[in-house]
Structures are given as structure tokens and as C-alpha cells.
Number of protein chains: 2
Amino acid sequence: MSSIPVQIPAYIDANAKAFVDRLARAVAIPSISGDVNNRKDVFAMADFLEGELVKLGVSVKRAKLGKQVLDGVELELPDAILGTLGSDKAKKTILLYGHFDVQPALKSDGWDTEPFVLTEDPATGRLIGRGSSDDKGPVLGWLNAIEAYQKSNVEIPVNIKFCFEGMEESGSEGLDELIEAEAKAGGYFHGVDAVCISDNYWLNTRTPALTYGLRGISYYKITIAGPARDLHSGVFGRTVHEPMTDLITLMSKLVTPSGDILVPGVEDLVAPLTEQEKARYVSLDYSVSDVEHSAGAKVALSDDKATVLMGRMRYPSLSLHGIEGAFSAPGAKTVIPAKVSGKFSIRLVPDQTPALVDPLVIAYLKSEFAKLNTKNTLSIENLHGGKPWVADPDHWNYEAAKRATKAVYGRAPDLTREGGSIPVTLTFAESLGVNVLLLPMGRGDDGAHSTNEKLDKSNFLQGSKLLGTYLWEVAKS
Amino acid sequence: MSSIPVQIPAYIDANAKAFVDRLARAVAIPSISGDVNNRKDVFAMADFLEGELVKLGVSVKRAKLGKQVLDGVELELPDAILGTLGSDKAKKTILLYGHFDVQPALKSDGWDTEPFVLTEDPATGRLIGRGSSDDKGPVLGWLNAIEAYQKSNVEIPVNIKFCFEGMEESGSEGLDELIEAEAKAGGYFHGVDAVCISDNYWLNTRTPALTYGLRGISYYKITIAGPARDLHSGVFGRTVHEPMTDLITLMSKLVTPSGDILVPGVEDLVAPLTEQEKARYVSLDYSVSDVEHSAGAKVALSDDKATVLMGRMRYPSLSLHGIEGAFSAPGAKTVIPAKVSGKFSIRLVPDQTPALVDPLVIAYLKSEFAKLNTKNTLSIENLHGGKPWVADPDHWNYEAAKRATKAVYGRAPDLTREGGSIPVTLTFAESLGVNVLLLPMGRGDDGAHSTNEKLDKSNFLQGSKLLGTYLWEVAKS
């Protein structure tokens, strides 16, 4: 079969400056979805994106998502931008998802440059600015690719549906309901053949990646209460059951310092490891020292690369996040806190789900608490949960992305799973019943939610070619 | 031997209004030693007190204590007010200690009345205001008693030395050095025969008490550090050694939910319980339900009164206060904290001292930490420490106070030990080598550091008689 016509990647190289300028215009709009004062900017960013899509001939539909209350203020949720380009029944239809809102950023947080001024570092080729990599770069990457097809007079070989949202950094409020409604017969997304999301990162700074799995999560808050008010340890020490002693004892029963989860049955739910899957981790372009470089210290749980990578990608983890209600300030306070809440979460992998894991956790906590023989009380809350997601990495959607990666980067991509969650992935997979591909543009060191977020210019341009080539290859599948 | 002349207590009853008015004038001066903005008020309170002492013929010496830095501001420490009344070599010399500074208080903290306006509740007879009970009431109680002697034309049967400080609520800065210096030959306090401190509380609301013991303390901060920065649990969960897991495991090895200290050797240092001492706890006017009433819930460690009281008074306790550096806010944050510090303290009793206990704690923590097999690091700090103090409750100083209590209240006092610390007690005992008596004026529910601090009017008046009668009785010993 034919390769993508060379004029398409050539157009992207030739128009690099215009594309970077457009990214700079997008970054200049501080579309922070989590800040009441920036809600107008999220709407402005939706307008900007709609305008760019319309220029490309995309038929745009703005979807209202209702209202929310943020910091005590009732706000209109940002519209989702839906779009259609092409409706040829002979072609596949691919749904592209991205988001146009960003995390907060202030120069005073520690940025070296103004966060909402896209700044190119000539020494490194980095395009530095809030949203450059997460996710305005990838969203505009799709537009770059489509423009390259059109200006090169090459017919786009697939129909495209767009779903761009403005609330991803604030829990994607309202989006699940929209996707589920539009996935039904007669809905906007009904009949799509596959989904592609460009909103994550390479494993490292060297090797392109396709991502086929995400861990789920179950987040718990366990509260132990007793005295009616905080007590003085001089007066009450060794006269009453202290909630902190009970809580620390209980939390110590959850996970070992080497990471093993002690809640009976939880590890048993993990799908067995096959030789074929194990081989994928062994082959990834990653090392234990990469992990330790990211963490900033030599604290990896193992010296074996596959073990460390599987700990992140295919095994569950239990992390103790902290305690609410205890003394947490600097200094020395002799308080017996009256009511303390421990926070911990379990990252879930197939075949674990919150529905299967939660009862095991609750039963175990109750049983261990009973052993304490305390007069204090225990309550357990589940603060949020989400199922893990794994796709078939040999599906034609992935095979197309592998060929596209090979064509643009001259090498096979790493096939990765991520330890975190992108909940919309699961919503697309379950609502539409089709394969979902995560096709990242940026590198592992982009610092998506940190200071000095960046997208390497080469990733922006090669990534735009990658997205365009993926559209070419997926049509051939 | 003769009893105190009846005109002395009669004078106190007859002048109740004037004494309450004087207390109101003292309370009106917001002498908060911990607030930079109130330092001038602490000095104003020193002036007020000096003026009242001079009216009684006391020879006053103001002792400069140097400077401190508070909230970044260099401040003059409040002068200590030293005083002498009488120098008859045929009489005993008693040193009286009190303090004229107070804890902070704002009406918005939850006070029902203005905290610096002494307000008498006619229904209960409570005198409500900051410092009413801690410690302006008792300090003025001494002045009331002396005035009663003088206006009744009765010679005070002892020489008196005064030591009133203005930094007690802020660590008594500078005072230890002053006491140690003035205790030496030729010093202001040299040659005193006994000390009496009125700055604590009855065990309950019914029975007067003498206090002959205080627990010491050793306060620890244990820090576990690993990653260079906080990590995301999705990305790093089960790839690195998590400091919180190590810390919670370590903290769980310190104390059981029933209060037993697990650090080997620490409990072994406790002086054996004699039958005679046990009998004192059994006889105290206190019940398990009193403890549970104070704590606001049925959470006592035992149903046996003596066990609960001994837990507070004569056994050590280990309390886990909290964790610095972990997630302590409301909500659900999926952080792996990079560096976390656990805070805990041990209340010490004879024959424990920080010097004996600290090495046991440090060795145990290091040994338990080694068992974790973690790549994170442990550091241990001792934030502060103080020895326990116990006096002989059958000493003539105590016998005098017992007779005085019987004379004023018609009953024997509870002989108590307290679970907290009043460090100056130990300084007096060790520097002067004499018996120290704690002779409380207020009740167990006065709420010294809380909102709505109060002193019952009857405790103020009967307490003034008690202090006067103590001076009478101690002369006879």
C-alpha cells in the first residue's frame, strides 16, 4: 500500500513558524478551568478553537454541559466543541479527543518565563508555556495535519469526528454524560470506528510511544474519632484511647515498605502475567536509573527494570497520602487530636475494579479495627473510584499508529501502560464499544502540571506529522 | 497552736467587691506574652502589679531578662517582678511564684463575653475573662491575703519573697537563668525555706487539691526522606520506596492502642508502685466518668479509677501528635509526599529522664527502621525535653497546706500529681534545694487556655483565705 504523500510532512516543516505562532496564540489565552476568574478565558479558548476548525471546513457544534458551583460561584460549564469533517460512507470514521483548558500557572510558582507567553528556548528548541504540551500542542497538531492535507490537495482518507473539551483539568465535568448520550443510535458519535487521544507522554525523552493501558483507582478516607475535642497530652496521655494511635496502627496494616498490598484478596485479582506481556516490559526503552532520575533519588523498589516498570504499569499500588485532623504544622504541639482521617488510595489494574476491591478493603479495615479493642469509632468513605483500562495493542488502530511512528521517527514505538488515570478513555471505550488509542506527542519530561511546562519544537512538528500519518495509515487498516 | 485570727478571712469576705474589681482591672490589661503587638501590655501589667505590691509595703526589684526575637521582631523580654516583704531572721522565708502574662484570646474564638472584660455570671458566680484563673486570680489572691493581714493588724508570720514573671505562657524565657543566679549565695532567693506556686487546678470541681508531682516530657520529630520532590502516585506508586509507608510503619511500633509503650526499657525505668502510693489514687475524689466527661466521650482506657488516674499521674504516656509534610487538607490528593516528619512525645515520670529515655528511643527507632529495608533515610530530632518532678507530700510545707485546706474548706485536700509540665517547678526545686508546693486556687473546669476561661468567685475568695491561712500554718511548721 502507498505511503503518505511526501508533500504533507513537507508542508508541516515549511509552515513551522506559522504553526508555532498559532500555538503561541492558544497559550496566550489562560484557559484555566479550575479558577473562577478564568472561566471567560476558557470560553475565549473555545471560540478560538472553533474559529480555527471552521477555517478548515469543519462543521462545528457547541455542546452545552450545564452549570457548576466553583468556590461558591455558579458558573456555566465551558462548551464542548464537537466537529465533523467528512461523511463518506466508504471511509472509516475516527474520533479525536483533546482538551483546551489548562492547569493554573503563576510566574511566582517558580517559572523561568511568563507561563502564558510561549517562549522558544533557542538552545534546546523547547516551546515553554502553560498548555504547550498539555494539551494545546496536540490539539493544534491535529489541525496542523489537516491543514497540511488540504493545502497539499490530498484527500483526507478518513472521516473525522472531533471532541474537544474545556474541563479536563477539573474532572471533565459533564463530559461522560455527553459522550454516553452521543454514542447512542442517532447520536453525534454513533458509528465511529475507533478513537485516538493525544494527551499523554512518551515513557522517556527518546522513544515514541503508544499507550494501551491505564490504572484505575479507589481512594479511601478512614476516620477515627473519640474525644469530643482535641485534648492535652499532659492531662489525657494514657487515660484515653487516642485516635492517632488507632489510625497509625490501622494504616500500618495496609502496605509493606516494599510495596506489597496487605489487604487479603486484592493482589489475587490481578490478571496473570503472560510471557508475551513480560517481554514487552523487558523491551521498553527505559531503565531503573530513568525512574530514579525522575524521582530525584535512588529509591527504586527494585534493581530490575521489568519489575519496576510492571510496578507502575501492570500491578496495583497502595499509597498513604496523609492524615487530616492531626498536627501537621512545623514545631512541637502536645495535642491528642480528637478526630483524624487517614487518606490512601489503591491504583487498580485488570481484573480489579472498585466494585470488587472496595468490599475487601472495608471488610479488612473493620476486622483489623476490631482487633484494636478501642472505644473510638471507625468510619470509612470511598472518595472516588475508577476502573482500569487496557486495550488490545495489536488492534488495527494500534497497528496503524505503529506504522505511522515507524514512518515519521524511523523506529518502532514503545508499547506502554500508564500508572495514572485518564477517565475519559474508559468512557469512550465503554460507550462506543470501539478500540481507543493513546498516541502521545510530548516527552516524559514535559512537566505537564509543573512549572516550566514545555513541548519540544521537534515533538510539535514531528508529532503533527505523526498524527497526519496515523490518519493515513488507519484508513488502510 | 493557735488558728489564724478570724478577722483575716472576715476581711476578705467584707472586701470581696474591691478584690473582684482589682481582678477586673488586671484582666483588662491584655498581657499576651506570645503576641508582638501586646508586649507593651505585658509591661503595663508589670507596672500595675508593682504598684499594688508597693502599696502593701513590698520592696520591689524589677529584673531585666534580656531580649527575644518573636515573629521576626526583636523585643525586650518582660521584666520579672521580684519582691521582699519582711526579713525577720526568726521567721521562715517562703518564696511565692506566679505569672502575670496570659494566653491569647479573641471574642471570635468562641467566647460568650469580651475576653478582656471580667464578667460575673450572677447565676453561677463565675468570673469570666482571660487570665482570671491562669494566673491573675491566684497572683492577686496573695495580695488579698497580705492586705487582710495588714488591715487586720495581724503580723504576717513569715518573710515573703515574690517571683512574678511575664513570660510563662511563652516558655518562661530567661527565667531559669535568673532563678539559678539568684539562688546562689548572696542572691535574691538565697536562703528561702520553701516555695509555693499557685498556678494549677483541682482535679475536679468539688475538692481542693495539693499537687506534688508533674510529668516530664521528651518530644521527638522523626523525618523520613527519599524522593527529591513530591511524586504522583499514578506514575510512581509501586516503583519507589514511599516515605509515608516507612513512617507509618515506624510510628506503629511505638505504642499500642491500649497505651503501652513499645520502646524497650522505657517502662522499666518507672519507679515501683508502693501500696501507700496506690492508696492515694484510690482515695482521690475522682471517677472514670469525670475523665470521660472532660474528654467528652466514653473513651477511658480502663474502667478502674485508680488505673486511669495512675495513667495520668504516675505512668509515662506516648502520644502520636501528627505528621508534617504529608497531605493534611480536606479532599483527595494522590500525592506521594517526598519528606514526612512524624511528631510524638513521651510524658516522663520518675525515674525516667530525657537523658535516660532518649538513647533508648533513638536506638529502637534506628533498629526498627533498619528492618524496613528501605532506601529512604531516617533522621531523628529531639525538639524539647524536661525532667519529671515529684515532691514529698508529707513535708512540713505540704502539712501546712493540708491544715490550711482543712481550716478553709472543712475537708482534707486531694493529693494529686499532674500529667503535664510546669518547668519552673523543677528549676526552683533543683536550684534552691527546698520543697516546692503546688497549691491551686481554681477548679478543674476553669478552661485555662480555652475560650470562656473563668474563676469561680468562691474559689477566688476562699482561695485568698487559703493562701493567707497557708502562710499562717507554714510559720508553725
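**Entry 1. Backbone outliers**

I take helices and strands as DSSP runs, numbered from the N terminus. The model I am reading is predicted.

With that naming, I located A:Asn452 in the loop of chain A that runs between strand E19 (435-438) and strand E20 (454-456). I looked up its backbone and found a positive phi of about 60°, although A:Asn452 is not a glycine. I recorded the case because most residues other than glycine have a negative phi. A:Asn452 counts as partly exposed because its relative accessibility is 24%.

I noted a second case in chain B. B:Asp71 is not a glycine either, yet has a positive phi of about 50°. I found B:Asp71 in a loop, between strand E2 (67-70) and strand E3 (73-76) of chain B. Its relative accessible area is 66%, so B:Asp71 is exposed.

**Entry 2. Cis peptide bonds**

I then turned to omega, since most peptide bonds are trans. In chain A, I found a cis bond from A:Pro350 to A:Asp351, with omega near 5°. I placed A:Asp351 in the loop between strand E15 (339-348) and helix H11 (354-371) of chain A.

In chain B, the bond from B:Asp134 to B:Asp135 is cis, with omega near 10°. Here I traced B:Asp135 to helix H4 of chain B, which covers residues 132-151.

**Entry 3. Annotated sites in chain A**

I consulted the UniProt annotations, which come from an unreviewed entry. The record places the feature "binding site" at A:His99, A:Asp134 and A:Asp199. I checked their spacing: they span 101 residues in sequence, but no two of their C-alpha atoms are more than 8.2 Å apart, so they gather at one spot. I assigned A:His99 to strand E5 of chain A, residues 93-99. With a relative accessibility of 0%, A:His99 counts as buried.

The annotation "active site", also from an unreviewed UniProt entry, covers A:Asp101 and A:Glu168. These two are spread over 68 residues of sequence but cluster in space, the largest C-alpha distance being 6.7 Å. I found A:Asp101 in the loop between E5 and strand E6 (119-121) of chain A. A:Asp101 has a relative accessible area of 0% and is therefore buried.

**Entry 4. Salt bridges**

I counted 73 salt bridges over all chains. I followed three of them in detail.

In chain A, I looked at A:Glu50 and A:Arg62, which form a salt bridge with their closest N and O atoms 2.6 Å apart. A:Glu50 sits in helix H3 (residues 39-55) of chain A and A:Arg62 in strand E1 (residues 59-63) of chain A, so the pair ties together parts that are twelve residues apart in sequence. I read a relative accessibility of 22% for A:Glu50, which counts as partly exposed. A:Arg62 has a relative accessible area of 26% and is partly exposed.

In chain B, I examined the salt bridge of B:Arg62 with B:Asp79, in which the closest N and O atoms are 2.9 Å apart. The pair links distant parts of the chain, 17 residues apart: B:Arg62 belongs to strand E1 (residues 59-63) of chain B, and B:Asp79 to the loop between E3 and strand E4 (80-85) of chain B. How is each end covered, buried or exposed in part? B:Arg62 counts as partly exposed at 26% relative accessibility, whereas B:Asp79 is buried at 3%.

I also looked at B:Glu399 and B:Lys402, whose side chains meet in a salt bridge at 3.0 Å, N to O. They are three residues apart in helix H12 (residues 396-409) of chain B, so about one helical turn separates them. B:Glu399 is partly exposed, with a relative accessible area of 27%. B:Lys402 counts as buried because its relative accessibility is 18%, the cut-off for buried being under 20%.

I then followed salt bridges that share partners. They join A:Arg126, A:Arg443, A:Asp445, A:Asp446, A:Lys454 and A:Asp456 into one network.

**Entry 5. A charged patch**

Last, I looked up surface charge in chain A. A:Glu173, A:Asp176, A:Glu177 and A:Glu180 form a negative surface patch. I located A:Glu180 in helix H5 (residues 175-183) of chain A. A:Glu180 counts as partly exposed because its relative accessibility is 41%.

Definitions and conventions. Residues are numbered from 1 along each chain as its sequence is written. Chains are lettered from A and ligands numbered from 1 in the order in which they are written. This is a predicted model: local features need pLDDT of at least 70, side-chain atom pairs count only at pLDDT 80 or more; totals for chains, interfaces and linings use all residues. Side-chain values use heavy atoms; hydrogens and water are left out. Patches are made of residues with over 30% relative accessible area and no salt bridge: like charges are joined within 9 Å, nonpolar side chains (Val, Leu, Ile, Met, Phe, Trp, Tyr) within 5 Å. Accessible areas come from the Shrake-Rupley method with a 1.4 Å probe; for residues, only the protein chains shown count as cover. A salt bridge is a side-chain nitrogen of Lys or Arg within 4 Å of a carboxyl oxygen of Asp or Glu. Lys and Arg count as positive and Asp and Glu as negative; His and the chain ends are not counted. The place of a charge is taken as NZ of Lys, CZ of Arg, CG of Asp or CD of Glu. Helices (H or I, at least four residues) and strands (E, at least two) are DSSP runs, numbered from the N terminus. Buried means under 20% relative accessible area, exposed over 50%, partly exposed in between (1.4 Å probe, protein chains only). UniProt positions are given in the numbering used here, feature names are shortened, and annotations may be inferred rather than shown by experiment.
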